[in-house]
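Student: I have a model open and want the reasoning behind its labels. Can we go through it?

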Amino acid sequence: MSRQVQHKEVVSDTGKVITYYDLEKPDAAVLDAKLTAAFASAESVLSCECVKTAVQQLFMNKEMQEMLIYVSRLPVFSAEVAGELKADLGLLAAVKHLKYFYSIPVSTVLFALSSVGTQYAKGDWEGLAYRVAANSSIAKLTVRALSKADPELDAVYGSNAAYLECADPHAVFPTSIYRMCDGHVHANHDASVIEGVMSTSITTTIKIQTGVLNPTNLTLCKVYKPIGKCVAVVDQFVDEKWGEDLCKYFAHHGVELTKLVYRAMEADKDISTVEEILKDLKMHSVSRNEPVLIVGGGVIADVGGFATALYHRNTAYVMLCTSIVSGIDAGPSPRTCCDGFGYKNLYGAYHPPVLTLTDRTFFNTLKEGWVRHGIAEIVKMAVVKDLSLFELLEKAGSRLITTKFGTTCPEDTEFGEMCDAIIGKAMEGYVKSEYGNLWETHQCRPHAYGHTWSP
């Protein structure tokens, strides 16, 4: 049943309290039951030869409808949901996307469904998602659009959308599926004094993978195939070494790639570079709900991330890290920036990527000095945060340099796993320190050891 206001007001003798959202209490057992029933009931759609028929049958399925509606009413960015699903991070990430099923492309919904785990999605859901994403007539359609053309669908999903318009507009009118806002307001009787608190929740995913640009790896495909295009901000040095592989990857998946290539030396970390990126993003009509792909090391991560923070006041981006420093520090960092008037990081914004990918494969083309710089950054994290990381560094020793983190000896899988563990532990130590202090609202920042302490 639709309500008449988009907030709740409680009036008492002392004044008025206004709150904004009204969501379900998360329950892992309830979600598990609904997922199990939905996938068991809808499995027959996998055998449909016509993808349009498969999509229609999928969203008409009663159990699937109940599951999607339940997820759409959950506070998916909350600590409570994370706590309920902490044993299955793939499911947690999928649920964060499924909340927006009404407004995002059906191909994105299918990719999210394919990511919930084989305990639910036992058939080839990923294959169906890819088929839907490859069908230009339906890939970008939303459940909202499908409902407008089908009274049966509208009766179910339209009424839920009307409810959510008041209970949680994020789910039906998102400007970004990676951010949510909340707040509460207190006012006296004549509203001559108002006290308010506002908050923003931001979700991000970090993955350490090998072979991100191998066409069999669908991580980037799942982001950009539903959109049909990818605009990439690329470090010039990286483009020289890996640009052809980047083009081949997106060509293989039928995604139009636009490369915006910039020199990204330390001297280029200037507001003029940021302005150039902004002009190019506008020239290529990038939308704020269309994640930009940033490919490179620390400098391009800083200036590219800053440009996306300014563009449309908040445009999502995916960070593909190609250096060690970007892979464990600058890449997942919320602190995007550039220099100005001779001062380091004078301009900036707090704007983390929605997805960070660190792939050791790229370390193979790093100069030895750059490898040493990256190891020095990891040593810093080990010294201030993690003894076990320090012990791993001791065990790996100089082979980290001579093999460029195992990239020159891929046959030594044991050493490769050790290199991944080192990167993972360094990354974990960094985000533990950084993500609880996103806007640098306090100066207890042990991971900034060796830096200037000024924000």
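Tutor: We take the aromatic pairs, then the cores, then one pocket. Keep in mind that the model is predicted.

Student: What makes Phe39 and Trp125 an aromatic pair that is edge-to-face?

Tutor: Their ring centres lie 5.1 Å apart, and the planes meet at 85°. The cut-offs are centres within 6.5 Å and planes over 60 degrees apart, so both conditions are met. Phe39 sits in helix α1 and Trp125 in helix α7, 86 residues apart.

Student: How do you know that Trp125 is buried?

Tutor: Its relative accessible area is 1%. Buried means under 20%, so Trp125 qualifies. Phe39, with 2%, is buried as well.

Student: Why is the pair of Phe101 and Tyr157 called edge-to-face?

Tutor: The planes stand at 65°, with the centres 5.4 Å apart. The angle needed is over 60 degrees, so the label holds. Phe101 is in the loop between α5 and α6, while Tyr157 is in helix α9, so the pair ties together parts 56 residues apart in sequence. Phe59, Phe101 and Tyr157 form one aromatic cluster.

Student: Which residues touch the most other members of the largest nonpolar core?

Tutor: Phe59, Trp125, Leu220 and Leu293, in a core of 85 residues. Another core, of 25 residues, lies apart from it and includes Ile324 and Val371.

Student: What makes up the lining of the second largest pocket?

Tutor: There are 20 nonpolar, 15 polar and 13 charged residues. β11 gives the largest share, seven residues. Among the residues nearest the centre are Glu266, Lys269 and Asp302. The pocket holds about 1,400 Å³ of space.

Definitions and conventions:
Residues are numbered from 1 along each chain as its sequence is written. This is a predicted model: local features need pLDDT of at least 70, side-chain atom pairs count only at pLDDT 80 or more; totals for chains, interfaces and linings use all residues. Side-chain values use heavy atoms; hydrogens and water are left out. A nonpolar core is a set of buried Ala, Val, Leu, Ile, Met, Phe, Trp, Tyr and Cys residues joined through side-chain atoms within 4.5 Å. Buried means under 20% relative accessible area, exposed over 50%, partly exposed in between (1.4 Å probe, protein chains only). On a 1 Å grid over the protein atoms alone, a cavity is a set of points where a 1.4 Å probe fits but cannot get out, and a pocket is an open set with protein on both sides within 12 Å along at least five of seven lines; lining residues have an atom within 4 Å of a point. Grid points are joined across faces, edges and corners, and a volume is the space filled by probe spheres set on the points. Helices (H or I, at least four residues) and strands (E, at least two) are DSSP runs, numbered from the N terminus. Ala, Val, Leu, Ile, Met, Phe, Trp, Tyr, Cys and Pro count as nonpolar, Asp, Glu, Lys and Arg as charged, and the others, Gly among them, as polar. Rings of Phe, Tyr and Trp (its six-membered ring) pair if their centres lie within 6.5 Å; planes under 30 degrees apart count as stacked, over 60 as edge-to-face and the rest as tilted.
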